[in-house]
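Student: Could we go through this one together? I'd like to know what stands behind the terms people use for it.

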Amino acid sequence: MHHSIDRRAFLMGGSAAVAGLSVLRMAAPAGATTPGLRDPVLRWLDQPSENPVPDAVGHLLEWEKLDSWYTPNDNFFTVKHYNKPELSGASYALSLEGLFGRPSGFSLAQLQSRCRREVDFTLECSGNTGLPFFIGGIGHARWAGTPLAPLLKEAGIGEDATEIVFWGADAGKVTVTGGWSAAPGSAVTFTEQFARSMSVEEALDVDNLLCWEMNGEPLPVEHGYPLRLIAPGWYGVACVKWLTRIEARPGRFAGRFMARDYVTIREETVGDHTVWTFTTVGKARLKSAPARVAGQKGRYRITGAAWGAPIESVDVRIDDGSWQQAVLDTHTSEQSRGEQEGTAWTFWSLDWSDASPGTHTVTSRATDCDGNVQPDPSEPLLAAKRTYWESNGTITRRVLVP
Ligand SMILES: Nc1nc2c(c(=O)[nH]1)N[C@H]1C(S)=C(S)[C@@H](COP(=O)(O)O)O[C@H]1N2
Ligand SMILES: [Mo]
């Protein structure tokens, strides 16, 4: 039996939030005899724990409800580390400062009159699936804006510049202790703005977008209105919201989200001794997850998503069985491998026709087009990790078949 989720299985969706886009809704073809996605969905037994930081993290994806390729804006997860700036589009200004030959400023209207580009990009927080409550920190949207690189080049990046810093308008009080403080034992408190940096070369990547539109609508306030950076191929933290200032600098920028938070710490064994390493979270990693199991009477279809790289294949394992190759949705796998080089998630499915009543586990494992395989959590690079960022190991969910 070979059931591919073909294009018929994707009906055009009609949510107002995504009007005008070809929204893919997963649904059973009319008269389908195969387990369809209209069938009852089995709730995973392993549910995320209660969100302990509702102010900072919201609207997490409920995997069982994943039924559209584009995540509707009002369902798209949010992460904010400081306040939520309410900026006015009319008086908004973006400044380019620092080591630019021609420092410049742009109103929103000026930016919007420039060349327009759209990218399909799946945005995942690098903390996603690293904490018990946090397994829905991912969403997919069509983002529109103007390419960043021409703007940087027009401003003339100075020869001494090595980094481009993207500053958000949000800020908060931060206290640091230890080696950071002036006197031993004391602390320093300061107000830090959200900021992330990239090397000049990374910033000039053709895919980077100064983005004002999400799924056909102006950026919602919580997603960065009126302007954010969209850096396809990076983790969410790189996509600075409420972006008001771009600065060219002569050296490494070591702000909180480059050098203190969003730092992956590993305890690695080198020869006969242990070395602790510290790396800034940056580019996205190959990953996949089972989304839902739908069906009845022993016949089920497992669907899921894979992202972080151009997806070659996805394998699924039920209990301790062998890996079975899932069927990639043709539309979304073309998007994944197309011109945008794998910045959009791919949906996949596997039919499970002999499901016996009782508890089962479902694990998915993605392989990218370079042959890299999503690691098992026990593999050294992941096992050596002491922080929760960049947890891209295979994900196992548990389900009770009635
Ligand atoms: N200015 C600003 N930009 C930010 C953040 C923030 O707190 N402030 N959070 C970052 C993080 S950690 C993530 S995962 C993404 C989340 O984007 P979203 O809220 O649009 O989903 O925004 C990034 N950009
Ligand atoms: Mo994040």
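Tutor: Happily! Keep in mind that this is a predicted model. By class, the lining of the largest cavity holds eleven nonpolar, four polar and four charged residues.

Student: What makes Val79 nonpolar, Arg228 charged and Gly236 polar?

Tutor: Val is on the nonpolar list and Arg on the charged one, while Gly counts among the polar residues. Val79, Arg228 and Gly236 are among the residues nearest the centre of the largest cavity, which has 19 lining residues.

Student: Why is this space called a cavity?

Tutor: Because a 1.4 Å probe fits there but cannot get out. The largest cavity has a volume of about 250 Å³, and the count comes to four cavities of 30 Å³ or more.

Student: What makes Trp234 a lining residue of the second largest cavity?

Tutor: A lining residue has an atom within 4 Å of a cavity point, and Trp234 is listed in that lining, as are Phe121 and Thr122. Strand S8 (residues 117-124) gives the largest share, three residues. The second largest cavity has about 80 Å³ of space.

Student: Why is strand S15 said to pair with strand S6?

Tutor: Pairing takes at least two bridges, and S6 (residues 93-98) and S15 have four, in the parallel sense. Strands S10 (residues 163-176) and S15 have six, in the antiparallel sense, so they pair too. Glu247 in S15 is the bridge partner of Glu97 and also of Val165.

Student: What makes S15 mostly covered?

Tutor: Five of its seven residues are buried, which means under 20% relative accessible area.

Technical notes. Residues numbered from 1 in each chain as written. Chains lettered and ligands numbered in written order. Predicted model: local features only at pLDDT ≥ 70, side-chain atom pairs only at ≥ 80, totals over all residues. Heavy atoms only, no water. Buried < 20%, exposed > 50% of the residue type's maximum accessible area, 1.4 Å probe, protein only. Helix = DSSP H or I, 4+ residues; strand = E, 2+ residues; numbered from the N terminus. 1 Å grid on protein atoms, 1.4 Å probe; cavity = no way out; pocket = protein on both sides within 12 Å on 5 of 7 lines; lining within 4 Å. Points joined across faces, edges and corners; volume = space filled by probe spheres on them.
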